Amino acid sequence: QVPLVESGGGLVQAGGSLRLSCAASGRTFSNHAMGWFRQALGKEREWLAAITWRNGVTFYADSVKGRFTISRDKDMNTVFLSMNTLKPEDTAIYYCAADTSLSAVTRSPAYWGQGTQVTVSS
């Protein structure tokens with residue numbers, strides 16, 4: 001098991017920013033790719049972003065490209081999602097995930113965090 005713990009969610013006004021964190025414990029993520037997903041009430045889970053752990057190459061869904069930035073701190077075993085210009089439609093539970101390949105982490109990750117709530121008020 002690779003425990004993942006998200007934090008940093010909360011209530012923010014439209015146009016504001018939040019930075020989510022996903023900290024790993026136990027197994028190292030040196031050979032993994034990591035990603036972020038969200039699920040809004042009444043909607044399906046949506047992939048947002050991914051990053052390769054070794055080289056930090058990033059990938060984004062069109063819905064968040066230009067506003068959200070994924071990054072990682074290899075020494076801290078932590079992945080981040082910086083969210084700018086937040087909109088009410090960004091309201092969702094945000095999850096981090098990990099797997100051993102980029103393709104897997106964007107589709108069916110093996111490891112998931114518990115989620116953190118982001119609420120954007122208008």
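The predicted model holds 1 disulfide. This disulfide joins C22 to C96, with an S to S distance of 1.9 Å. The bond connects distant parts of the chain, since C22 belongs to strand β3 (residues 18-24) and C96 to strand β9 (residues 92-99). The two cysteines are 74 residues apart. The torsion about the S-S bond of C22 and C96 is about 50°, so the disulfide is right-handed. C22 is buried, at a relative accessible area of 0%. C96 is likewise buried, with a relative accessible area of 0%. Burial here requires a relative accessible area under 20%, so C22 meets the criterion, and so does C96.

Strand β3, which carries C22, is also part of an open sheet. This sheet contains 4 strands in the order β1-β3-β8-β7. The pairing is antiparallel. Its edge strands are β1 (4-7) and β7 (68-73), and each of them pairs on one side only. Neighbouring strands of the sheet are turned by 15° against each other on average, direction ignored.

At one edge of the sheet, β1 and β3 run antiparallel and are joined by 4 bridges. V5 has A23 of β3 as its bridge partner. At the other edge, β7 pairs with strand β8 (residues 78-83) in the antiparallel sense, over 6 bridges. Within β8, L81 stands opposite I70. Strands β7 and β8 form a hairpin, with 4 residues between them. In the turn, N77 has a positive phi of about 55°. In a regular strand, side chains alternate between the two faces of the sheet.

Aromatic contacts were examined next. A search of the whole structure finds 2 aromatic pairs. In one of them, the ring centres of F37 and W112 are 4.9 Å apart and the planes are at 55°, so the pair is tilted. The tilted class ends at 60 degrees, above which a pair counts as edge-to-face. F37 lies in strand β4 (residues 33-39) and W112 in strand β10 (residues 111-112). The pair therefore ties together parts that are 75 residues apart in sequence. F37 is buried, with a relative accessible area of 2%. W112 is partly exposed, with a relative accessible area of 30%.

W112 also pairs with Y95. The centres of these rings are 6.3 Å apart and their planes are at 85°, so this pair is edge-to-face. Y95 lies in strand β9 and W112 in strand β10, 17 residues apart, and the pair links distant parts of the chain. Y95 counts as buried, at 18% relative accessibility. The value falls under the 20% cut-off, so the residue is assigned to the buried class. Ring pairs link F37, Y95 and W112 into a cluster. Strand β9 thus contributes Y95 to a ring pair and C96 to the disulfide.

Charged groups also sit over aromatic rings. The charged end of R45 sits over the ring of F37, 5.3 Å from the ring centre. F37 is the buried ring that pairs with W112. The charged end of R19 sits over the ring of F80, 3.8 Å from the ring centre.

Methods
Residues numbered from 1 in each chain as written. Predicted model: local features only at pLDDT ≥ 70, side-chain atom pairs only at ≥ 80, totals over all residues. Heavy atoms only, no water. Disulfide = S-S within 2.5 Å. Buried < 20%, exposed > 50% of the residue type's maximum accessible area, 1.4 Å probe, protein only. Pairing = 2+ DSSP bridges. Axes fitted to C-alpha atoms, helices over the stretch in contact; angles between N-to-C directions. Phe/Tyr/Trp six-rings, centres within 6.5 Å; stacked < 30°, edge-to-face > 60°. Lys NZ or Arg CZ within 6 Å of the ring centre and 35° of its normal.
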